[in-house]
Amino acid sequence: MYVGFKQWYQRRVRGTTGELRHYLQLATLDHIDDFYFLPHIPFQWLYSISAEGAKDKDQLKESEHEMVQHVLNIESIARMACSLSVESYHNKVVRFAIANIANLVRQVVFATRSLANQPKSELIKQNMDVYRRAWSKELNNLVEAVDEISPVNEFLYISTSHAKENVEQISQILDAEFSYQNENNSGEKNWADLDQTVDALINRTLRVLSVIREERRKVVDERYLSNDPVMGRCHHLAKYTLSELKKLRDEIVKEGKLKKDALNKQASDVVSQLCKLQIAFSKATTRCDAYIESFYAECDSTEHELNRNALSISVDKPLQICLKICDILKIIVSNLKSENCIQHWPIIVQKLKELNTETTGLDFCVRDIILNNRSSAMKSELVFDYSSRIVECSRHSLNVAMKDLSRYVCYGEVFVSILSSSKTIVSHLSEIYKGCLLSSSKRKKVFKK
């Protein structure tokens with residue numbers, strides 16, 4: 001008894017630790033994503049104060065302290081990412097990038113002090129431009145190194161979440177601008193905010209496309225990349241959706257055209273395409289297509305077997321239930337196969353509820369037929385086991401689908417879980433029906449003839 005409780009407790013602790021580790025990894029990637037798109041802000045603040053000269057020394061010291069604190073935050077997040085990874089080589093690359101940034105920040109602080117003392121010196125300004133480029137380069141190197149040790153599905157999950165936040169910010173900025181369009185000062189500020197937010201959305205999307213393309217090149221031969229559905233979505237998103245978003249942004253910010261609804265719609269379309277790209281990538285990495293093909297092959301074989309065994313007798317209740325279960329499973333799998341499966345998720349949940357009802361009814365019907373006809377104990381246990389298993393699979397699929405999809409990082413895991421359960425249910429239907437036939441009095445009369 002003590003051993004059993006100890007094993008249960010260890011499994012419980014391992015599960016909780018794994019879940020906490022997963023959330024810590026998501027939080028780390030969330031911070032990394034922010035630093036990737038905002039690395040220039042502390043530097044620009046420090047540079048702008050230094051360019052004005054040493055008028056306010058307290059403000060200059062505060063900006064220097066902010067710059068150093070920014071670097072310390074980056075280092076702590078990068079080290080946290082290394083602690084969550086077992087890739088020794090990539091961890092060394094990350095630590096090397098951290099050391100370069102730590103050395104560079106001291107040089108940047110001294111260079112800004114020189115600029116504060118001589119703000120009109122062209123030589124010092126050119127020197128600061130060199131440090132600005134070096135700063136951006138080293139930060140990008142660090143983020144790319146951390147990306148190498150970060151799971152792609154978690155990265156896509158975080159990037160899509162931030163893209164949705166960008167769309168909400170764009171909508172708020174546009175509402176504020178068109179509500180107070182007569183106030184010039186707020187208008188200029190909002191246009192700058194709009195330009196920056198749209199740029200963040202575009203850059204984040206381009207980064208997602210770059211990561212996905214690199215991942216697909218690792219697993220797909222160059223000859224077949226043009227036919228890869230994931231690469232096709234990347235091409236469509238980059239060539240059409242983002243181009244239209246840039247065009248609308250320029251028309252509003254630079255030309256002052258009133259295209260609020262068009263920009264909102266296009267920004268939402270970018271997020272929609274990102275979600276579809278995330279689903280397509282998760283399906284490709286979890287081999288959902290192989291599960292779907294295997295399910296359809298198994299379903300066709302099962303339906304043929306059911307109809308063949310039913311030719312010798314009149315259609316009875318177990319056969320009707322088995323055929324109805326096959327039809328429900330086909331609808332579920334066809335919705336999972338579509339690119340808009342997340343939009344069709346309420347339909348999938350409804351069909352899974354119907355599946356749960358039908359499998360429970362089939363289990364009750366099978367037990368009633370076998371027990372009333374006194375079948376052999378060994379065959380009865382086998383059929384009962386199959387019947388109980390399909391009930392468990394249907395309940396498991398329903399429980400998985402009923403959870404909040406936003407909690408899942410990789411949609412492919414959800415799809416594979418439902419597809420695997422569907423295939424198991426289909427594979428057991430013919431055996432269950434054969435057991436009912438062998439136990440029924442109608443089948444025995446047929447055998448006598």
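1. pLDDT is the predictor's confidence in each residue, on a scale from 0 to 100. This model is predicted, and confidence in the protein chain is lowest in helix H15, residues 441-448, where the mean is 43. The highest value belongs to helix H11, residues 317-337, at 88.

2. For the protein chain, the mean pLDDT is 78. Of its residues, 80% reach 70 or more.

3. Two stretches deserve a remark. Over residues 442-449 the pLDDT is below 50, and the model gives this stretch 12 contacts beyond near neighbours in sequence. Residues 185-189 stay under 50 as well; beyond four places in sequence, the model has 3 contacts for them.

4. Helix H8 covers residues 229-253, 25 residues in total. From its first C-alpha to its last H8 reaches 35 Å, close to the 36 Å expected at 1.5 Å a residue. There is nevertheless a bend of about 35° in H8, at leucine 237.

5. Leucine 237 is also among the buried residues of H8. Others on that list include Val230, Met231, Arg233 and Cys234, and further along Thr241, Leu242, Leu245 and Leu248. Charged side chains should not be overlooked here: Arg249 and Glu251 are buried, as is Ile252.

6. Lysine 137 belongs to helix H5, residues 122-148. Is lysine 137 buried or exposed? Its relative accessibility is 53%, so lysine 137 counts as exposed, the cut-off being over 50%. Isoleucine 101 is 36 residues away from lysine 137 in sequence, and their C-alpha atoms are 9.8 Å apart in space.

Conventions: Residues are numbered from 1 along each chain as its sequence is written. Side-chain values use heavy atoms; hydrogens and water are left out. Helices (H or I, at least four residues) and strands (E, at least two) are DSSP runs, numbered from the N terminus. The expected span of a helix is 1.5 Å times one less than its number of residues. The bend at a residue is the angle between axes fitted to the seven residues ending there and the seven starting there. Buried means under 20% relative accessible area, exposed over 50%, partly exposed in between (1.4 Å probe, protein chains only). Contact means heavy atoms within 4.5 Å.
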